[in-house]
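Here is a guided walk through a two-chain model. Have the sequence and the coordinates open side by side as you read.

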Amino acid sequence: MSCERFREQIPECLAGRLDPAARERLVEHLESCAGCRTEVAELNAVWRAMENLKTKPEDAPDPAAKARFLAAIEGYKAGMGVSAEQQQTRRVLWFPRRPVWQAAMAAGLLLAGIFAGRYVAAPRQEAPELTQLRSQVESLRQLVALTMLQQQSPGARLRGVSYSEQMAEPDPQVEQALLYAVNHDTNVNVRLSAVDALQKFTGNPEVLRAMVDAIGVQDSPLVQVALVDLLVQVHARGAAPAMARLAQDARVDEAVRQRAAWAMGKLGGAQ
Amino acid sequence: MILDDEAIMTEVRAGDVGRLETLFDRHQPALVRYFVGLTGNRPLGEDLAQESFFRVLKYRHTYQPGANFRAWLYQIGRNVFADHIARRKTEVAMPEEVPEIRGNEMPPDREFQKKQEAVLLRRALAALPGDKREVLVLSRFLDMKYEEIAAVLKIEVGTVKVRVYRAMRELSDRFFALSGERAS
């Protein structure tokens, strides 16, 4: 075996994963090869030094990250609406099993696609009825979101937040309902989801100010961190002084203070 | 009874998405370490790990029952990282917590030497090409076996072996060049 082949085994040997027979052959080779001995010494020095770069493995995920993920799972469940089994059943019901009918259906869809493509490609004004319908759907979404945000069940309120995210146009009433949820909802997951949903309203300076104020009234560090993160995400430079105060406030949770200090750096605040 | 990752992911795939919490608890900290190793930036590493788990949730149907879950998770993680690079075109940032080295006025104790060594090694690691840095993060920082790394990177085990050696060789060259010495 060439020196190169032996050298390729060195990292495996340093990790203690080389099988005994291969290790024996490597050791035997090293006894007679000064070049490979130097190679082992150098790689060993670096291998050991890398131990100091290893961050201490945490036993559990960061609580804020976990809360966000759990909120996402809840939102996902709420959005699923029907179970996977029901979806499967529906698919089986309308999709033909026999290849000949599948082919016929495919051809039909192709023709419909061509027809629809021509119709869609033609430049035209949107019909007033369609505009009106869109507007009605949007109003309905707002109504559903507002109604659900006022329900007793946290799951229903989460779905309300989820509905609000589907709205094309930010609505002041929904904006206020979300801010209310951030400040007063008893369920942390709803508050976290409401923070995420507020993202589309951050073009409004009033909302940004309300978010900064909300940090002070929160009793949950997770929500405080989520608010700080959103302010950084939307580059709310005006929030830098508030972040500086938060980072210095001894009454605030330490993790929140650290996040605020990080946010201050990101937003260009004084160090 | 403690279920293995693959059994849990099979349940998630079937629609029981709440079971993902267990997989998140088991793998999120290591996934953060993987991204911190690649980027040198902890907050970014946490964000990328979060995005990876969101994709696990979103693309749970693509998991093949019985397939190694950890390898599948890191394949998703690699895609997340590739998308991040494409979107941001970022360079690997030097870690912010690295202490500054100031000539010889510091006491030459062992603790300081270790810190100095760590700083140089971080720099050497950050200067490696991405594929070499990644293979070292997987093998040295996450202690993955070559077979598992091969599954994550979708390459042969023999290729992993050669790539780890070459990465170590280049890291060693860069490290000793920075520190101005060779091992004796």
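What follows goes from the overall make-up of the chains to their contact, then to the core and a few local details.

First, some ground rules. This is a predicted model, so local features are taken only where pLDDT is at least 70 and side-chain atom pairs only at pLDDT 80 or more, while totals for chains, interfaces and linings use all residues. Residues are numbered from 1 along each chain as its sequence is written, and chains are lettered from A and ligands numbered from 1 in the order in which they are written. As for the scores, the model comes with ipTM 0.77 and pTM 0.53.

Let's start with the secondary structure. Helices here are DSSP runs of H or I with at least four residues, strands are runs of E with at least two, and both are numbered from the N terminus. Chain A has 15 helices and zero strands. Chain B has eight helices and, again, zero strands, so to speak an α-α-α-α-α-α-α-α pattern when read along the sequence.

How much of each chain is buried? A residue counts as buried if 20 or more other C-beta atoms lie within 10 Å of its own, as exposed if 12 or fewer do, and as partly exposed in between, with C-beta atoms placed from the backbone. By that measure, buried residues are 30% of the 271 residues in chain A and 34% of the 184 residues in chain B. Contacts are counted when two C-beta atoms, placed from the backbone, lie within 7 Å. Taking contacts between residues at least 6 apart in sequence, 62% of those in chain A join residues at least 24 apart, and in chain B the figure is 64%.

Now for the place where the chains meet. Chain A brings 34 residues to the contact and chain B brings 37 residues. On the chain A side, helices H1 (3-8), H2 (10-14), H4 (34-51) and H5 (63-80) each supply at least two residues. H5(A) gives the most, with nine residues. Sorted by class, this side of chain A has 20 nonpolar, three polar and eleven charged residues; here Ala, Val, Leu, Ile, Met, Phe, Trp, Tyr, Cys and Pro count as nonpolar, Asp, Glu, Lys and Arg as charged, and the others, Gly among them, as polar.

One helix pair across the contact deserves a look. H4(A) packs against H8(B) at an angle of about 85°, with the axes 10 Å apart. The axes are lines fitted to C-alpha atoms, for helices over the stretch in contact, and angles run from 0 to 180 degrees between N-to-C directions. That angle makes H4(A) roughly perpendicular to H8(B), a label that covers 65 to 115 degrees, whereas under 35 is roughly parallel, over 145 roughly antiparallel and the rest oblique. Glu42(A), Leu43(A) and Val46(A) of H4(A) meet Met168(B), Leu171(B), Ser172(B) and Phe175(B) of H8(B). These residues divide into five nonpolar, one polar and one charged.On to the core, meaning a set of buried Ala, Val, Leu, Ile, Met, Phe, Trp, Tyr and Cys residues joined through C-beta atoms within 7 Å. The largest one has 97 residues, and those with the most contacts inside it include Leu178(A), Leu198(A) and Phe35(B). Leaving aside residues up to four places away in sequence, Leu198(A) touches Leu178(A), Val182(A), Val207(A), Met211(A) and Leu230(A).

In chain B, helix H7 (residues 146-153) has Tyr146(B), Ile149(B), Ala151(B) and Val152(B) buried. Their cover includes helices H4 (69-88), H6 (130-141) and H8 (157-179) of chain B. Just after H7(B) comes Lys154(B), with a positive phi near 55°. Asp143(B), in the loop between H6 and H7 of chain B, also has a positive phi, about 55°, although it is not a glycine.

Finally, how confident is the predictor in chain B? On the pLDDT scale, the predictor's confidence in each residue from 0 to 100, chain B has a mean of 84, and 85% of its residues reach 70 or more. Over residues 93-107 of chain B the pLDDT is below 50, and this stretch has 15 contacts in the model beyond near neighbours in sequence. Where pLDDT is low, the predicted coordinates should not be read in detail.
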